[in-house]
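Student: I've just opened this one and don't know my way around. Can you walk me through it?

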Amino acid sequence: MRLTIERMGYGADGIAHTDEGKTVFVAGGVVGDVVDAELTSDGPSFSRARATNIIEPSGMRVTPPCPFVGVCGGCPWGALGRETQLHAKEENLRSALQRIGHFTPEEINDLVQPIRYTKDAWGYRNKVELGVHSENGRLRLGMHGIDPDQIIKVDRCPLFESTASKAIKAVTGALSYLGNSRDLNLERVGIRASRRTKALEVALWTPTGGFPRAHVARVLDDAVKPTSVVRVLTKGDRAARRVEKNELLAGQGSWTERIGEETMRISAPSFFQVNTAAAELLIELVVDALKPGPDDVALDLYCGAGTFTLPLARRCSWVAAVESYGPAVRDLRRNIERAGLDNVDAIGGDAVREFPGDDADVLVVDPPRAGLAAEAIELIAGTSARDVAYVSCDPATLARDLARFREDGTFKATAITPVDLFPQTYHCETVVHLTRA
């Protein structure tokens with residue numbers, strides 16, 4: 001069939017319609033393309049197709065700096081111009097607010113602010129992750145493909161921190177060399193690099209058991225001169241794998257990054273935003289929304305290693321910070337101590353079960369992609385907080401949760417600001433300012 005891609009959906013595919021009006025999600029096409037496509041699945045309400053030939057390329061297409069765009073899973077929108085990407089992310093947010101949150105177009109126009117972004121559309125990622133595959137007794141490392149079973153061998157990734165562009169080839173070469181003479185039993189490999197602190201960490205994820213620690217550390221040191229080499233020991237099957245231990249092989253044992261006014265140490269298993277400069281926009285929006293004062297008590301839920309906790313503690317009299325993931329809790333406590341702060345209660349546990357109480361002036365919540373549990377919304381509504389900053393990584397669950405807040409009648413959204421933390425992808429962060437209704 002011949003299709004015209006009308007817009008980009010929340011995903012890698014473009015969206016088109018048949019002559020009969022049926023929605024088709026088209027892999028390999030960008031907005032404005034006219035393509036020949038073949039069906040890959042045909043459902044009752046929508047179909048999926050793959051572009052086989054681009055008849056008329058879109059004027060919004062660009063030539064990306066990576067030959068693996070469309071094959072590697074890291075930059076599904078890499079062939080789309082930056083302005084078009086930003087517009088599509090705003091439209092996807094607006095669409096979710098209307099379809100799922102049941103906001104009117106007039107409300108959306110009043111609430112949604114222009115998308116915020118930084119200048120770097122490439123070279124912004126402070127972390128890459130390499131997949132591992134053994135083939136005919138030889139170890140292969142590379143980027144994860146769109147096909148989850150595919151490992152793509154690359155020498156560099158244009159998304160990765162440009163000052164460490166040679167690290168991928170060096171680490172891949174070193175571990176391939178080692179893996180061809182002994183069984184490293186690698187599950188995956190993470191590389192973190194900081195333009196600001198010059199820190200470079202290599203994290204090797206393996207099951208528990210024997211491992212040639214000294215040999216691996218020595219070869220990686222010769223290849224890439226990392227500031228830290230760690231082994232993350234895991235246990236359990238793939239669906240329920242858990243971290244048992246973070247083992248130091250060489251160097252500092254954690255990665256250091258400077259964000260805003262703070263210098264943070266992050267262990268390999270802990271989450272940290274992959275775009276440091278754009279994460280500073282999140283901090284700015286949160287602080288601007290909450291306007292924390294020296295007498296305020298703040299709650300920071302799903303706080304991670306302290307990205308929002310530390311700036312809040314600099315401005316408030318007291319912060320109760322809750323995080324469920326053990327490695328992140330340890331990083332949080334270490335970062336609080338390194339910052340010389342004595343006005344933070346770092347609480348390990350689930351945000352609902354360990355909710356710090358209802359005494360708060362301001363509150364920030366940064367949940368995972370699944371959004372907030374209904375119980376969390378009830379607890380937040382029951383606090384004395386005057387302002388809430390909700391940081392979201394998923395427009396659909398955000399829209400659902402904002403509808404729940406509105407139904408509760410306690411808090412209302414006053415500003416919704418998308419932030420482009422992930423150029424070349426469809427992902428987008430959003431900061432919502434809620435005040436008492």
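Tutor: Let's start with one residue. A298 touches L312, C316, W318, V319, A320 and V362, leaving out residues up to four places away in sequence. Keep in mind that this is a predicted model.

Student: Which strand does A298 lie in?

Tutor: A298 lies in strand β16, residues 297–301.

Student: And is A298 buried or exposed?

Tutor: A298 is buried. Its relative accessible area is 0%. Buried means under 20%, so A298 qualifies.

Student: How far apart are A298 and F25 in space?

Tutor: They are 44 Å apart, C-alpha to C-alpha. In sequence, 273 residues separate A298 and F25.

Student: OK, over to F25 then. Which way do the side chains point along β4?

Tutor: They alternate along β4, residues 23–27. V24 and V26 point to one face and are buried. T23, F25 and A27 point to the other face and are not buried.

Student: Why would they alternate?

Tutor: In a regular strand the side chains alternate between the two faces of the sheet.

Student: What does β4 pair with in the parallel sense?

Tutor: Strand β6, residues 46–56, over five bridges. In that pairing, T23 stands opposite F46.

Student: And how many bridges join β3 to β4?

Tutor: Four bridges, and the two strands run antiparallel. β3 covers residues 14–17. G14 in β3 stands opposite V26 in β4.

Student: What do β3 and β4 form together?

Tutor: A hairpin, with five residues between the strands. In the turn, G21 has a positive phi of about 95°.

Student: Switching topic. In what order do the seven strands of the open sheet come?

Tutor: The order is β9-β8-β7-β10-β11-β12-β13, and the pairing is mixed.

Student: Which strands stand at the edges?

Tutor: β9, residues 151–152, and β13. Each has a single partner strand, so one side of each has no neighbour in the sheet.

Student: How do β8 and β9 run?

Tutor: Antiparallel, joined by two bridges. β8 spans residues 138–144. H144 stands opposite I151 in β9.

Student: Now pockets. What volume does the second largest pocket have?

Tutor: About 380 Å³. It has 18 lining residues, and those closest to its centre are H144, E187, R188, R238 and R241. So H144 turns up again, this time in a pocket lining.

Student: Which strand gives the most to the lining of that second largest pocket?

Tutor: β7, with four residues. Both β7 (127–135) and β13 (242–251) supply at least two residues of that lining.

Student: What about residue classes in the lining of the second largest pocket?

Tutor: The lining has seven nonpolar, four polar and seven charged residues.

Student: And cavities? How many of 30 Å³ or more are there?

Tutor: A search of the whole structure finds three. The largest cavity holds about 60 Å³ of space. Its lining is K127, E129, G190, I191, R192, E201, A203, W205 and A268. β7, β10 (188–193) and β11 (200–207) each give two or more residues to the lining of the largest cavity.

Student: What classes line the largest cavity?

Tutor: Four nonpolar, one polar and four charged residues.

Student: What lines the second largest cavity?

Tutor: Y10, K89, N92, L93, P395, P418, Y426, C428 and T430. Its volume is about 50 Å³. Helix α1, residues 82–99, gives the most to this lining, with three residues. By class, the second largest cavity is lined by six nonpolar, two polar and one charged residues.

Student: Last topic. How many residues are in the largest nonpolar core?

Tutor: It has 80 residues. Those with the most contacts inside the core are F160, L175, V189, I191, L204 and L220. Helix α5, residues 276–290, brings the largest share of this core, nine residues. Another core lies apart from it, with 33 residues, among them L299, I347, I380 and V388.

Student: Zoom in on L204. What is L204 in contact with?

Tutor: Setting aside neighbours within four places in sequence, the contacts of L204 are L175, L186, R188, V189, F211, V216, L220, V230, R231, V232 and L249.

Key
Residues are numbered from 1 along each chain as its sequence is written. This is a predicted model: local features need pLDDT of at least 70, side-chain atom pairs count only at pLDDT 80 or more; totals for chains, interfaces and linings use all residues. Side-chain values use heavy atoms; hydrogens and water are left out. A nonpolar core is a set of buried Ala, Val, Leu, Ile, Met, Phe, Trp, Tyr and Cys residues joined through side-chain atoms within 4.5 Å. Buried means under 20% relative accessible area, exposed over 50%, partly exposed in between (1.4 Å probe, protein chains only). Contact means heavy atoms within 4.5 Å. On a 1 Å grid over the protein atoms alone, a cavity is a set of points where a 1.4 Å probe fits but cannot get out, and a pocket is an open set with protein on both sides within 12 Å along at least five of seven lines; lining residues have an atom within 4 Å of a point. Grid points are joined across faces, edges and corners, and a volume is the space filled by probe spheres set on the points. Ala, Val, Leu, Ile, Met, Phe, Trp, Tyr, Cys and Pro count as nonpolar, Asp, Glu, Lys and Arg as charged, and the others, Gly among them, as polar. Two strands pair if DSSP finds at least two bridges between them.
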